[in-house]
Amino acid sequence: MKNTVTTAPPKGLSPAAIAWWKRLHREFDLDDEAASFLLESALRSFDRMTQAAALVEKHGIVIADKFGQLKSNPATTVERDSRAAMHSAFKALNLDVLPPQKPGRPAGR
């Protein structure tokens, strides 16, 4: 059922997350409190994932510690965990927001 009333997005979301909020409210019936909570969780996770990805892009996937030894950039963990939280929230909402793909493994080169 398509929603005709657009709920205002929560404060503090990025412009990209706000665009998702508005689009998903237009396309799906997300008016109950649980749906709003899950959607907000998904979009805050999206924002955190995006912020972490920018840090990984800036500093690399590994960084040197105080002894000069390479270690995993902590932002990689934040990015991974935020992506998983976003996907979990979208799955809990039962939203098909990703483009459909062919079943099975991706084709090789």
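## Starting at E40

Leaving aside residues up to four places away in sequence, E40 touches P10 and W21; a contact here means heavy atoms within 4.5 Å. The residue lies in helix α2, and E40 counts as partly exposed because its relative accessibility is 26%. On this scale, buried means under 20% relative accessible area, exposed means over 50%, and partly exposed is what falls in between, using a 1.4 Å probe and the protein chains only. E40 and W21 sit 19 residues apart in sequence, with 8.0 Å between their C-alpha atoms.

A quick word on what you're looking at: this is a predicted model, where local features need pLDDT of at least 70 and side-chain atom pairs count only at pLDDT 80 or more, while totals for chains, interfaces and linings use all residues. Residues are numbered from 1 along each chain as its sequence is written, and side-chain values use heavy atoms, with hydrogens and water left out.

## The overall layout

What is the protein built from? It has three helices and two strands, and from the N terminus on they run α-α-β-β-α. These elements are DSSP runs numbered from the N terminus: helices are H or I with at least four residues, strands are E with at least two.

Of the 109 residues, 27% count as buried. Among contacts with a separation of 6 or more, 55% are between residues 24 or more positions apart. The protein exposes about 8,100 Å², and carbon and sulfur atoms supply 58% of that; the areas come from the Shrake-Rupley method with a 1.4 Å probe, and for residues only the protein chains shown count as cover.

## Helix α1

Start with the length. The 13 residues of α1 should span 18 Å at 1.5 Å a residue, and the end C-alpha atoms are indeed 18 Å apart, so the two agree. The expected span is 1.5 Å times one less than the number of residues.

Which residues of α1 are buried? They are A17, W21, L24 and H25. Looking down the axis, these buried residues fall within an arc of 100°, so they line one face of the helix; the arc is taken from the directions that run from the helix axis to the C-beta atoms. That buried set packs against α2 and α3.

## Helix α2

With 27 residues, α2 reaches 39 Å from its first C-alpha to its last, close to the 39 Å expected at 1.5 Å a residue. Its buried residues include A35, L39, L43, F46, M49 and V56. What covers the buried residues of α2 includes α1 and α3.

S41 is another residue of α2. Is S41 buried or partly exposed? With a relative accessible area of 27%, S41 is partly exposed. Its C-alpha atom is separated by 8.0 Å from that of A85, although S41 and A85 are 44 residues apart along the chain.

## Helix α3

The 20 residues of α3 should span 28 Å at 1.5 Å a residue; the end C-alpha atoms are 29 Å apart, which agrees. Here the buried residues are A75, E79, S82, M86, A89, F90 and L93. They cover an arc of only 100° around the axis, which puts them on the same side of α3. On the other side, R80, K91 and A92 are exposed. The buried residues of α3 pack against α1 and α2.

Zoom in on S82, which is found in α3 (residues 74-93). S82 counts as buried because its relative accessibility is 8%. Which residues does S82 touch, not counting those up to four places away in sequence? The answer is S45, R48 and M49.

## The aromatic corner

The structure holds two aromatic pairs. In one of them, W20 and F46 form a tilted pair, 6.4 Å centre to centre with 45° between the planes. For the record, rings of Phe, Tyr and Trp (its six-membered ring) pair if their centres lie within 6.5 Å; planes under 30 degrees apart count as stacked, over 60 as edge-to-face and the rest as tilted. The W20 and F46 pair links distant parts of the chain, with W20 in α1 (residues 15-27) and F46 in α2 (residues 33-59), 26 residues apart.

The two partners sit in different categories of accessibility: W20 is partly exposed, at 25% relative accessible area, whereas F46 counts as buried at 17%. Add F90 and you have one aromatic cluster of W20, F46 and F90. W20 has a charged visitor too: the charged end of R23 sits over the ring of W20, 5.5 Å from its centre. That label applies if NZ of Lys or CZ of Arg is within 6 Å of the ring centre and within 35 degrees of the ring normal.
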